[in-house]
Amino acid sequence: MLRWLVSFLVLGLLLGCAPEPQPSELDAIKERGVLRVGTLLGPTSYYLDANGEAGIEYVLAKNFADELGVELEMVSRYNVKNLMNLLATREVDLLAAGLDRTEPRAKKFRFGPPYLEVEQRVVFRQGSRNRPRSLDELDAELVVVEGSSHHDWLLSIAAEYPDLQWRATDEQDTAGLLQQVIDGDIAYTIADSNTLDLQRRYFPNLSVAFTVRDNVDIAWMLNQHVDGSLYAEVIRYFGDLRESGQLTQLLDQHFGHVSSFNYVDTSLFINAVQSVLPKYRELFEQHAGSLDWRLLAAISYQESHWNPRAVSPTGVRGMMMLTLPTAKAMGVTSRLNPAQSIEGGARYFERMLQRIPARIQEPDRIWFALAAYNIGYGHLEDARILTQQQGGDADRWIDVRKRLPLLRQKKFYRQTRFGFARGDEPVRYVGNIRRYYDTLVWLDERGRIPAKPMTITIPEGSGDGAE
């Protein structure tokens, strides 16, 4: 009996000395109440605008943190190596920075499911040299960001190209290297397609030489030396996003309008911003009302290229290309008067905006209003009804955009209230305005819209530089 009593006491002491089970990584985050996400500062991942934090990685991370019921802390860096050190030392819980899987990274970290696909392209300044078609044809140094996947790729193929001149730098990010290409400080760099597409809105002379990697998956990165609880949540989160269609919508909001590029159109727009817009900026600001004046200016450029005497074969005219009935309804007595046209166009667009159902959130609400401004509210509603009938979401621009061109086809428009419409036109119309607006915001925030008109010359090139 005494032996059993001693054994029981010893067992109790041993159990009392045993360490408490450690909480899972997910439990630790919830207990802390904060999800720490490492990211890179840049237009394709995370940045600060007039409204605060923004960027696709911020939106994705914020939604994820909300689902976990915790606050979000974005920890930003300019340097890829510093960012990965944060994850390795567990100073952040995951990285959301537009990163792709490379062999060196896969040995050290765990990747979540891919949510974006990009191409990686060699870039040069159009007109500065003949376009190379391969690495063998590069006639000057190629510079990439140190620690980037471009750096890893060049290291992996170095033996195949012993004569290739290249180096990696930690003094610039990709946007900085693209700026150096434009300035003529370096000849070539490598950029992901989404980054390049955005930068070409402001620097149309960035030209694609050739693609070095196709179909590159972008994913979040996690520490592989911890349990898989957070990893499992990341997999679930992106699975739900993809299944609901929300991932497609978010990617379209951030990148869908910049994938198509026209060198001539972009160059002419940049030129007009410098030489024409300053004449009318004050009028756009004065009559914008509740609108962003830069959006109003983007609409006007799409309509008339800021030509106050513009006239179309169908009879619409002026800065905002108003029809005669619309002008009368808005109190415009002279459509060729810039102030009256801008004020009338602003009021008419606000009217369209007010008609869009309140449940539709921005920015989709604005895209719907723009489509209605172009094609008429009735035809927009026809397209939304078609979208619903075909199982799409009538409150999402990305879904309605696919159905608008169907209004050209008899088998579809005969079912609608307002009949035939050139439904492909508002799709192009909205896409163009989104691009013009983004460019105006970027230029304005950097003080690059002059106070007085000036003339600039866009160097001659050899087309749009597309592949």
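Hi everyone, here is a short walk through one protein chain, its confidence, one strand and its largest pocket.

This is a predicted model, where local features need pLDDT of at least 70, side-chain atom pairs count only at pLDDT 80 or more, and totals for chains, interfaces and linings use all residues. Residues are numbered from 1 along the chain as its sequence is written, and side-chain values use heavy atoms, without hydrogens and water.

Confidence to begin with. The chain averages a pLDDT of 89 (the predictor's confidence in each residue, from 0 to 100), and 92% of the residues score at least 70. Under 50 we find residues 4-11, with 0 contacts (heavy atoms within 4.5 Å) beyond four places in sequence. Residues 456-467 also stay under 50, but there the model has 30 such contacts. Where pLDDT is low, please don't read the predicted coordinates in detail.

Now to strand E8, residues 142-145 (strands are DSSP runs of at least two residues, helices H or I runs of at least four, numbered from the N terminus). Leu 142 and Val 144 on one side, and Val 143 and Val 145 on the other, are all buried (under 20% relative accessible area, 1.4 Å probe, protein chains only). What does E8 run parallel to? Strand E9, residues 166-169, joined to E8 by 4 bridges, and strand E10, residues 188-192, joined by 2 bridges. Leu 142 has Trp 166 as its bridge partner in E9, and stands opposite Tyr 188 in E10.

Finally, helix H20, residues 424-445, gives the most to the lining of the largest pocket, with 6 residues.

Thanks, folks!

Terms used:
Buried means under 20% relative accessible area, exposed over 50%, partly exposed in between (1.4 Å probe, protein chains only). Two strands pair if DSSP finds at least two bridges between them.
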